[in-house]
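Let's take a walk through this one, ring by ring and hole by hole. Have the viewer open and follow along.

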Amino acid sequence: MKKLICTALLCLITVAFVGCNEIKETNASVSESAAEKQNDNSSDESSEEELRPRDREINTDTDFVFDDAGVLSADELENLNTYTAWLAKTFKINAAVVITDNIGDKEPDKYAEEYYNDLYSGDGILFLLNNDTNTDYIYRKGFPSKFIADDDIEMLFAEISPLLVKGDYMSAAKRVLETAELKLPEYITDKSGTLSKEEISELNGKLKDAAGENGLNVYLVNDTGEQSIEDYANEKFNDYYAVSSSSNAMLVINTANGDCFVCTSGSMGYLSDSQEDIQKAVRSCIKESDGKKTLDCMSAVDKLLTFIQ
């Protein structure tokens with residue numbers, strides 16, 4: 001046992017995470033090229049924060065944890081799946097944990113990427129616990145790459161390595177998900193790629209303060225397909241808030257043309273009464289330069305905040 005502990009400590013100190021049979025190798029994830037450009041490799045101060053007390057229970061029949069290696073107990077699988085489902089719904093991303101003892105002839109990054117793309121499209125994260133070649137991996141796609149940087153992942157793997165040595169996959173996976181909870185923005189979701197990390201963080205703080213105990217989210221997209229903005233907004237609101245017993249409001253904005261629609265429930269219903277005024281206020285934030293019209297999203301969110309009581 002002493003030899004194992006010494007070996008583990010030596011491997012952690014070297015930070016290389018290689019050449020140690022008892023310790024898994026660890027690699028910071030490299031997402032698709034677009035996501036790489038979004039990653040500024042700077043740690044956020046939120047890494048020092050603690051998770052605030054809140055209800056993280058959610059009823060789900062969907063699988064978010066894929067224990068292909070069969071290493072989790074039934075209770076561990078259920079608990080981890082519930083937390084992953086809650087994280088995905090709360091932060092409006094795709095999320096998955098994959099545990100496998102066979103990645104075939106693929107490299108861990110490609111295996112994680114393909115597994116993710118088989119499950120989802122759009123923004124999200126996937127944590128691969130790879131018991132085949134012992135190189136674990138965190139795959140990020142889209143805006144999560146702005147908030148979970150490479151150096152964050154390196155520190156995270158250093159933290160969870162002792163858990164992996166003990167075979168405590170549940171705790172290791174939960175710590176990865178907790179890091180995502182601490183770092184990702186909850187109150188603004190930029191699917192359009194319009195805003196910088198700093199802009200998102202600023203608006204997230206303002207919306208958090210305005211929300212109080214209510215659910216509040218601004219959801220930015222640049223395309224709603226063949227759906228009207230109203231139908232698209234209602235679909236997203238039902239996806240994320242249909243089973244919620246609290247009061248919620250979600251403003252969906254199409255950054256391509258300034259169309260928007262607010263969906264509400266409970267005591268936030270007064271915002272729906274101001275639907276036309278909110279739409280007018282958001283459209284007033286369309287700016288024209290060199291013959292091209294763009295939406296000033298920062299101003300649009302500030303306009304929304306003036307309607308929140």
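A good place to start is a charge sitting on a ring: Lys92 lies over the face of Tyr240, at 5.3 Å from the ring centre. Keep in mind that what you are looking at is a predicted model. There is a second arrangement of this kind, with Arg56 placed over the face of Trp86 at 5.4 Å from the ring centre. Trp86 will come up again when we get to the pockets.

**The overall picture**

Stepping back, the protein is built from 12 helices and 11 strands. It runs to 309 residues, and 49% of them count as buried. How much of the contact set is long-range? Taking the contacts with a separation of 6 or more, 67% are between residues 24 or more positions apart.

**Rings against rings**

Now for the aromatics. The count comes to 9 aromatic pairs. In one of them, the rings of Tyr116 and Tyr120 have centres 5.3 Å apart and planes at 65°; with over 60 degrees counting as edge-to-face, that is why the pair gets this label. Both partners are tucked away, as Tyr116 is buried and Tyr120 is too.

Next up are Phe127 and Phe157, whose ring centres are 6.3 Å apart and whose planes meet at 45°, so this pair is tilted. What parts of the chain does the pair link? Distant ones: Phe127 is in strand S4 (residues 124-130) and Phe157 in helix H6 (residues 150-165), 30 residues apart. Here as well, Phe127 is buried, and Phe157 is buried along with it.

There is also a group to look at, since Phe66, Tyr111 and Tyr115 form one aromatic cluster.

**Around Gly124 and Ser145**

Strand S4 also holds Gly124. Is Gly124 buried or exposed? Its relative accessibility is 0%, so Gly124 counts as buried. Its C-alpha is 6.4 Å from that of Pro144, with the two positions 20 residues apart in sequence numbering. Apart from neighbours within four places in sequence, Gly124 is in contact with Ile93, Asn94, Tyr116, Tyr139, Arg140, Lys141 and Pro144. You'll recognise Tyr116 there from the edge-to-face pair.

Ser145 belongs to helix H5 (residues 144-147). At 1% relative accessibility, Ser145 falls under the 20% limit and therefore counts as buried. For a contrast, pull up Glu276 in helix H11 (residues 275-283). Glu276 has a relative accessible area of 66%, which is over 50%, so this residue is exposed.

Here are the C-alpha to C-alpha distances side by side.

| Pair | Apart in sequence | C-alpha to C-alpha |
|---|---|---|
| Gly124 and Pro144 | 20 residues | 6.4 Å |
| Ser145 and Ile125 | 20 residues | 8.8 Å |
| Glu276 and Phe261 | 15 residues | 8.8 Å |

**Empty space**

Rolling a probe the size of a water molecule over the atoms shows where empty space is left. How many cavities of 30 Å³ or more does a search of the whole structure find? The search turns up 1. The volume of the largest cavity is about 30 Å³.

Which residues line the largest cavity? They are Ile125, Ile138, Ile148, Leu156, Val176, Thr179 and Ala180. Ile125 also appears in the table above, paired with Ser145. Helix H7 (residues 169-183) gives the largest share of this lining, at 3 residues. By type, the lining of the largest cavity divides into 6 nonpolar residues, 1 polar and no charged.

The largest pocket is another matter, with about 860 Å³ of space in it. Its lining is made up of 25 residues, and those nearest its centre are Arg54, Asp55, Trp86, Ser244 and Ser246. The elements giving two or more residues to this lining are helix H3 (74-91), strand S7 (215-221) and helix H9 (229-241). H3 supplies the largest share, with 3 residues.

What about the character of the lining of the largest pocket? The residues there divide into 7 nonpolar, 9 polar and 9 charged. And here is Trp86 again: it is among the residues nearest the pocket's centre, and its ring is the one with Arg56 over its face.

How values were computed. Residues are numbered from 1 along each chain as its sequence is written. This is a predicted model: local features need pLDDT of at least 70, side-chain atom pairs count only at pLDDT 80 or more; totals for chains, interfaces and linings use all residues. Side-chain values use heavy atoms; hydrogens and water are left out. Rings of Phe, Tyr and Trp (its six-membered ring) pair if their centres lie within 6.5 Å; planes under 30 degrees apart count as stacked, over 60 as edge-to-face and the rest as tilted. Buried means under 20% relative accessible area, exposed over 50%, partly exposed in between (1.4 Å probe, protein chains only). Helices (H or I, at least four residues) and strands (E, at least two) are DSSP runs, numbered from the N terminus. A charge sits over a ring if NZ of Lys or CZ of Arg is within 6 Å of the ring centre and within 35 degrees of the ring normal. On a 1 Å grid over the protein atoms alone, a cavity is a set of points where a 1.4 Å probe fits but cannot get out, and a pocket is an open set with protein on both sides within 12 Å along at least five of seven lines; lining residues have an atom within 4 Å of a point. Grid points are joined across faces, edges and corners, and a volume is the space filled by probe spheres set on the points. Ala, Val, Leu, Ile, Met, Phe, Trp, Tyr, Cys and Pro count as nonpolar, Asp, Glu, Lys and Arg as charged, and the others, Gly among them, as polar. Contact means heavy atoms within 4.5 Å.
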